[in-house]
Amino acid sequence: MNSFSQMGEWIRKKRKKPNKTDFLVMILLGVLVMIIAIPSGSEKKGRNLKNSQSETSDGEKGRDLLQSEDDYRSSLEKRLEELIGSMEGAGESTVMITLADEGQTYVDKNVSVEENKRDEETVVYDTGDGNEPFVVRREQPKVEGVVVVSEGGDNPRVVTEISNAVMALFHIEAHKVTVIPMKNAEDKN
């Protein structure tokens, strides 16, 4: 009990007349408490983060990207067909979209620089089945060109409206959008 009373007496003295050293000690103690209180980051949303290279094979990634690219393109085509079908004078339409790339995926990296040497390690997390890179941001594939076959494709006003809508939606130039008239039901026989 004697040491506690001495410590309490020392604190009372310091509270009355603090100096620069006391402030520095208090700040360092505060920083130490904050460091201890901060979670270690070993678990994030139930997943363990690790600093190592991804162990997923390139073949599996390629198949996943290809499938998701096809799904993305099909989804865009379907939505554009619905949009054009709701435009006045356009009638029924069929759409084909080509993509310029597979999109871009940005992964988190730990970077360390020592003198003139730079080391990067991809941050990965444990999925239970293996390690996956920690994705920071994904960009969708860019649309390269669009072909629209529409019942109203023989009307210049409708062609212009469809072209303008496609250019606005996908931020592509006019020469990358083609609108073609659809065969009539009588012409199909």
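Me: How many helices and strands does the protein have?
Reply: In this predicted model, the protein has 5 helices and 10 strands.

Me: What share of the protein's residues is buried, and what supplies its exposed surface?
Reply: Of the 189 residues, 19% are buried. The protein exposes about 14,600 Å², and carbon and sulfur atoms supply 52% of that area.

Me: What share of the contacts with a separation of 6 or more comes from residues 24 or more positions apart?
Reply: Such residues account for 70% of those contacts.

Me: What makes a set of residues a nonpolar core, and which residues have the most contacts inside the largest one?
Reply: The residues must be buried, of a nonpolar type, and joined through side-chain atoms within 4.5 Å. The largest such core has 18 residues, and Ile-97, Val-146, Ile-162 and Phe-170 have the most contacts inside it. Two or more residues each are given by α3 (58-85), β3 (93-99), β9 (143-150), α4 (156-170) and β10 (177-181). Helix α4 gives the most, with 4 residues. As a general rule, nonpolar side chains in soluble globular proteins tend to be buried together.

Me: With which residues is Val-146 in contact, leaving aside its neighbours within four places in sequence?
Reply: Its partners include Leu-80, Val-95, Ile-97, Val-166, Phe-170 and Ile-172. Also among them are Lys-176, Val-177 and Thr-178.

Me: Why is Leu-76 called buried?
Reply: Buried means under 20% relative accessible area. Leu-76 has 12% relative accessibility, so Leu-76 counts as buried. Leu-76 is placed in helix α3. Beyond its neighbours within four places in sequence, Leu-76 is in contact with Ile-97, Val-143 and Phe-170. Leu-76 and Ile-97 are 21 residues apart in sequence, and their C-alpha atoms are 7.8 Å apart.

Me: How do you know whether Ser-93 is buried or exposed?
Reply: The relative accessibility of Ser-93 is 9%, so Ser-93 counts as buried, the cut-off being under 20%. Ser-93 lies in strand β3. Leaving aside residues within four places in sequence, its contacts include Glu-81, Ile-84, Gly-85, Val-148 and Met-182.

Me: Ile-172 and His-171 both lie in the loop between α4 and β10; why is each called buried or exposed?
Reply: Ile-172 has 9% relative accessibility and therefore counts as buried, whereas His-171, at 71%, counts as exposed. The limits are under 20% for buried and over 50% for exposed. Not counting residues up to four places away in sequence, Ile-172 touches Val-143, Val-146, Val-166, Met-167 and Val-177. Ile-172 and Val-143 are 29 residues apart in sequence, with 7.5 Å between their C-alpha atoms.

Me: What is notable about the phi of His-171?
Reply: Phi of His-171 is near 55°, a positive value in a residue other than glycine. In general, most residues other than glycine have a negative phi.

Me: How do you know that the length of α2 agrees with its number of residues?
Reply: At 1.5 Å a residue, the 18 residues of α2 should span 26 Å, and the end C-alpha atoms are 26 Å apart, so the two agree.

Me: Why is α2 said to lie largely in the open?
Reply: The number of buried residues among its 18 is 1, so α2 lies largely in the open. Leu-29, found in this helix, is partly exposed, with a relative accessible area of 46%. Leu-29 also belongs to a nonpolar surface patch of about 380 Å², together with Val-25, Leu-32 and Ile-36.

Me: What makes the pair Arg-118 and Glu-120 a salt bridge?
Reply: The closest N and O atoms of Arg-118 and Glu-120 are 2.9 Å apart. Because the definition asks for a nitrogen within 4 Å of a carboxyl oxygen, the pair qualifies. Arg-118 is exposed at 54%, and Glu-120 is partly exposed at 39%. The whole structure has 5 salt bridges.

Me: How are Arg-157 and Glu-161 placed along α4?
Reply: Being 4 residues apart in helix α4, they are separated by about one helical turn. Their side chains meet in a salt bridge at 3.0 Å, N to O.

Me: Which residues are joined into one network by salt bridges that share partners?
Reply: Glu-173 forms a salt bridge with Lys-176, with the closest N and O atoms 3.6 Å apart. Salt bridges with shared partners join Glu-144, Glu-173 and Lys-176 into one network.

How values were computed. Residues numbered from 1 in each chain as written. Predicted model: local features only at pLDDT ≥ 70, side-chain atom pairs only at ≥ 80, totals over all residues. Heavy atoms only, no water. Buried < 20%, exposed > 50% of the residue type's maximum accessible area, 1.4 Å probe, protein only. Contact = heavy atoms within 4.5 Å. Areas by Shrake-Rupley, 256 points an atom, 1.4 Å probe, with all protein chains shown as cover. Patch = residues over 30% accessible without salt bridge, like charges linked within 9 Å, V, L, I, M, F, W, Y side chains within 5 Å. Expected span 1.5 Å × (residues − 1).
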